[in-house]
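This report describes a sheet, the helices beside it and the salt bridges of one chain. The sequence and the structure are shown first.

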Amino acid sequence: MIQRMERLFKNQIFPAATIALVCSISVSTAFAQKKKPARAPKSISNQETSELEKLRKQYIDTTKQYKASLEKLLPLYQNSLRKAEERRTKSKELFSQGLISKTELEQSEEAVTLAQAKVAEVQQQTINANTQIAQTLVEIEGEKQLARLGPVPRGGFVRTTSFIRYNGAAPWILAQAGKIEVWFQSKFGRPLPIAVFGQGAIHNQWRLDHHNAMDISLNPDGVEGQSLIDYLRANGIPFSAFRTAIPGVATGPHIHVGLPSHRY
């Protein structure tokens, strides 16, 4: 029974990270296959949103199924661990009496170590599955929150519990980043902590157009973060400041300099 479950675990159930990759590829493929009628941009946007929601739901359902299989496998591994521990206890007694060799004792101890590793692996995979489900739900809610704001006009300023957005008062290009770096260096005596300049791997993964923006590793509620926000607003430079992670939008607290990145 346990061997059959192991084969299912290893060969038929995708780890959460693999499922995420499959979903990501599926999203990209689905979008690539859609032909765009010349006069129906809103319809296309609605279709893409609907397809993304469908894939996310499938991902959550698949991850829940994966988690259910882990929950069935865990007691089998725990039972194997209990038996291995009993055999080890018996082996210790026999070894103390000189009835088995040290090699046999070591084999019983290795069996316990292996059984413990299997239990720990299943428990970790269960935690990962819960995390993946939670992150997907947060991503959905985060994008809904952004969508509810609608387009922010030029010079508009929006503040929510999780982020701040300022759309700037003048045109912005990434080549202007140098003056921000010079200002920050002169004020704080250290280089501007640029995490990503232009398009980064995470933006490719999330299908975000980040070519004309840069991400600064500063908490917007910190002293340096607040000073940078004040400088950007005073100079009409657009930015989005994130106080927390929003899966699919922001990996953590940082300041995005430039207009908001749009999905492609």
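Two strands are taken to pair if DSSP finds at least two bridges between them. The model is a predicted one. With that criterion, β6 and β7 pair in the antiparallel sense, over four bridges. Within this pair, S240 stands opposite H256 of β7.

**The sheet**

The strands form an open sheet of six, in the order β1-β2-β6-β7-β5-β3, with antiparallel pairing. Its edge strands are β1 (157-159) and β3, each of which pairs on one side only. Neighbouring strands of the sheet are turned against each other by 10° on average, direction ignored.

Strand β2 (residues 163-166) also pairs with β6 in the antiparallel sense, again over four bridges. Here Y166 stands opposite F239 of β6. Towards the β3 edge, β3 and β5 run antiparallel and are joined by three bridges. The bridge partner of V196 in β5 is D215.

Are the residues of β6 buried or exposed? Strand β6 (residues 239-242) is covered on both faces. F239 and A241 are buried on one side, and S240 and F242 are buried on the other. F239 is thus a buried residue that has Y166 as the residue opposite. S240, on the other face from F239, is the residue that stands opposite H256.

**Helix α7**

Helix α7 packs on the sheet and touches β1, β2, β5, β6 and β7. The direction of α7 makes about 20° with that of β7. The helix has 12 residues and reaches 17 Å from its first C-alpha to its last, close to the 16 Å expected at 1.5 Å a residue.

The buried residues in α7 include G225, S227, L228, I229, Y231 and L232. Among the elements that cover the buried residues of α7 are β2, α5, β5, β6 and β7. Just after the helix, G236 takes a positive phi of about 65°.

**Helix α5**

Helix α5 (residues 177-188) has 12 residues and reaches 17 Å from its first C-alpha to its last, where 16 Å is expected at 1.5 Å a residue. Which residues of α5 are buried? They are A177, I180, W183 and F184. These residues lie on the same side of α5, because they cover an arc of only 125° around the axis. On the other side of the helix, V182 and S186 are exposed.

The cover over the buried residues of α5 includes β3 (194-197), β5 (214-216), α7 (223-234) and β7 (254-257). Helix α7 is therefore part of the cover of α5, and α5 is in turn part of the cover of α7. After α5 comes G189, whose phi is positive, near 70°.

**Salt bridges**

How many salt bridges does the model contain? With a side-chain nitrogen of Lys or Arg required within 4 Å of a carboxyl oxygen of Asp or Glu, the count comes to three. They are listed below.

| Acidic residue | Basic residue | Closest N to O |
|---|---|---|
| D61 | K57 | 3.1 Å |
| E86 | R82 | 3.0 Å |
| E224 | R190 | 2.6 Å |

D61 and K57 are four residues apart in helix α3 (residues 41-96), so about one helical turn separates them. D61 is partly exposed at 32% relative accessibility, whereas K57 is exposed at 53%.

E86 and R82 are likewise four residues apart in helix α3, and about one helical turn separates this pair as well. E86 is partly exposed, with a relative accessibility of 45%. R82 is also partly exposed, with a relative accessible area of 39%.

The remaining pair joins E224 and R190, with the closest N and O atoms 2.6 Å apart. E224 lies in helix α7 and R190 in the loop between α5 and β3, so this salt bridge ties together parts that are 34 residues apart in sequence. R190 counts as partly exposed, at 32% relative accessibility.

Terms used:
Residues numbered from 1 in each chain as written. Predicted model: local features only at pLDDT ≥ 70, side-chain atom pairs only at ≥ 80, totals over all residues. Heavy atoms only, no water. Helix = DSSP H or I, 4+ residues; strand = E, 2+ residues; numbered from the N terminus. Expected span 1.5 Å × (residues − 1). Buried < 20%, exposed > 50% of the residue type's maximum accessible area, 1.4 Å probe, protein only. Arc of directions from axis to C-beta. Contact = heavy atoms within 4.5 Å. Axes fitted to C-alpha atoms, helices over the stretch in contact; angles between N-to-C directions.
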